[in-house]
Amino acid sequence: MAFVRVDDFLPAPQAYLRAGLARPQSGPGVLPLSAGNAVGSRADADRMLDQPAPPTVGSQSMTVLDAAGAPCAVVSVPSGQFLTYPALADRAVGEALGVRRAPNGMPIVLRGQRQAGHGLPTPTPVDVETARVVTVDLSVILAGVDPALFAPDDALFVSAALAIEMAVMLGEREQSGELFPERSYRPWDRSIPVPVDHLVLRMYAQIVSDIRLHYSTELDRTDLLCAATAIIYDAPLYTTKPEAYKPLKNGLKVLKYGPTRNKAARRPTSGPPATPSPATAGPAPAPTEPAAPAPSPSDPAEAATALREAYTRGEPVDHLTPDLLDAAAGTPDALAEVITEILEAVHDDLDPTWRIALLDQAERLAPALRQADASREGLLMAVAQLNSMRTADPARQRQADAALQAYGQWAHWPDDAPDEILDDLEDGDDDPSTLAWYRVFLTMAGVRQEQIDQELADVTAGRSQPSRRRIEELRPSEG
């Protein structure tokens, strides 16, 4: 496409820097860069705030100028612009056969023959208040965004790192045995990409601390930034290569992109869904009675397997008997792996019953889980993820509270104590969530409950200051 300069009538970008203001986001699309932006007075901005933002991609924003004509404020009315719904690309560009990097870092995509679009309808938008928020890596963009390959209630966001890759892609197309160079400009204009901010960069630095990732041929920097963004926003990551993310021991929820999940998205856009004819329809399945709790096996490995199978079959939580847990405790790592799987299923299984029941048994399971060596780190990450998922929903809140208590029961002091939270405590941060972690640390260190209650009362009254040294003072002496 030819280069087009569009005057968006806003002050020069550097004027925003000098005023310490963020420049308004441009509207969606390639050319209408001024869409949603305006310049005016405070009175104009007040009138704009009186009008709700339209339910479209992007936002309405206005730069307020002072008497000298310099920007002094930016007023923005958002319209849910970070989230969109999985929708088909405008045209099919052909199957991605491989990806490599040009010397300047741009992706070069080898594609097959152009394919006709399959005409799937765009899914009906879902309620963003109840939708499951998800994201994708570059492999999903290359495979083609297809609503049928997402869950029906998924709402999608993308990282700015991914948007950069999409903006300009070099390509090669194989045709008649020859390679023809291509270039495509594909902005992500369905929503505003989520920025790579300092939190994302900190998580990115943490997940690449594993030296194996430095030499991985499967994950490049964009993939890892997408993964870091997914972790920060507590969102599952869709990818065509889930095996490549296994070295990331950080609670990242990976979803395989490929098998059809949302079959309703493949229905015709008009007319009722097809119903099988009597000649082709099979017999209706007979109703099944709920299975009774199976007797707990005495072998620890079999008990851990029985626990996993009971959850997978959808058995009621009554199956989670003390005898079964006690038997499975004979294999600490196997038990930790099963519990981790159940806790990490929070995005797929909205019923928190099993998770809360296991977390409520934290003290009973502690002797075994504290002995788990290979699996304890992943277990604690899953527990920490649940603790971070605090909402107004009472069941979710109950789950988060139980997870925080379980962390204190299953972790080791001081090895499993997050340094950043300890630093916040020692800096005098009296935020309730930080003080809640102080209780966790005291529990990890083996301090008796009555001592913990007294210590927290002393901290609240200003008679004690949380610190590593203070925890060691309260910790019972060994032997």
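How many aromatic pairs does the count come to? It comes to eight, where rings of Phe, Tyr and Trp (its six-membered ring) pair if their centres lie within 6.5 Å. Planes under 30 degrees apart count as stacked, over 60 as edge-to-face and the rest as tilted.

The legends below describe a predicted model, in which local features need pLDDT of at least 70, side-chain atom pairs count only at pLDDT 80 or more, and totals for chains, interfaces and linings use all residues. Residues are numbered from 1 along each chain as its sequence is written, and side-chain values use heavy atoms, with hydrogens and water left out.

**View A. Tyr238 and Tyr257 form an edge-to-face aromatic pair.** The ring centres are 6.2 Å apart, with 85° between the planes. The pair links distant parts of the chain, 19 residues apart. Tyr238 is in strand E10 (residues 237-239). Tyr257 is in the loop between strand E11 (254-256) and helix H7 (300-312). Helices (H or I, at least four residues) and strands (E, at least two) are DSSP runs, numbered from the N terminus. Both tyrosines are buried. Buried means under 20% relative accessible area, exposed over 50%, partly exposed in between (1.4 Å probe, protein chains only).

**View B. Trp437 and Phe441 form a tilted aromatic pair.** Their centres are 5.9 Å apart and their planes 40° apart. Both residues lie in helix H15 (residues 432-444). They are four residues apart, about one turn of the helix. Trp437 and Phe441 are buried. With Tyr407 and Trp413, they form one aromatic cluster.

**View C. Trp410 sits in the largest nonpolar core.** Such a core is a set of buried Ala, Val, Leu, Ile, Met, Phe, Trp, Tyr and Cys residues joined through side-chain atoms within 4.5 Å. This one has 60 residues. Ile339, Trp410 and Phe441 touch the most other members. A second, separate core has 37 residues, including Val134, Ala151, Val208 and Tyr257. Which residues does Trp410 touch, not counting those up to four places away in sequence? Among them are Ile339, Leu358, Leu359, Leu369, Arg370, Arg376 and Val383. Contact here means heavy atoms within 4.5 Å.

**View D. Strand E2 pairs with both E1 and E3.** Two strands pair if DSSP finds at least two bridges between them. E1 (residues 37-40) and E2 (residues 60-65) run parallel, joined by four bridges. Asn37 stands opposite Ser61 in E2. E2 and E3 (residues 71-77) are antiparallel, with six bridges. Met62 has Val75 in E3 as its bridge partner. E2 and E3 form a hairpin with five residues between them. Gly69, in the turn, has a positive phi of about 85°.

**View E. Val128 lies in the loop between strands E5 (107-111) and E6 (132-136).** Val128 is partly exposed, at 42% relative accessible area. Leaving aside its neighbours within four places in sequence, Val128 contacts Leu83 and Tyr85. Its C-alpha atom is 8.9 Å from that of Asp153, 25 residues apart along the chain.

**View F. Arg470 and Glu473 meet in a salt bridge in helix H17 (residues 468-474).** A salt bridge is a side-chain nitrogen of Lys or Arg within 4 Å of a carboxyl oxygen of Asp or Glu. The N to O distance is 3.2 Å. The two residues are about one helical turn apart, because they are three residues apart in H17. Arg470 is partly exposed at 23%, and Glu473 is partly exposed at 49%. Both belong to a salt-bridge network with Glu455 and Arg469.

**View G. Two further salt bridges involve Glu315 and Arg463.** The structure has 17 salt bridges in a search of the whole. Glu315 bridges to Arg313, with the closest N and O atoms 3.0 Å apart. Glu315 is buried, at 9% relative accessibility. Arg463 and Asp458 meet at 2.7 Å, N to O. Arg463 is exposed at 58%, whereas Asp458 is buried at 15%.

**View H. Cys72 is partly exposed, whereas Cys226 is buried.** Cys72 has 42% relative accessibility. Cys226 has 1%. A search of the whole structure finds zero disulfides, a disulfide being a pair of cysteine sulfur atoms within 2.5 Å.
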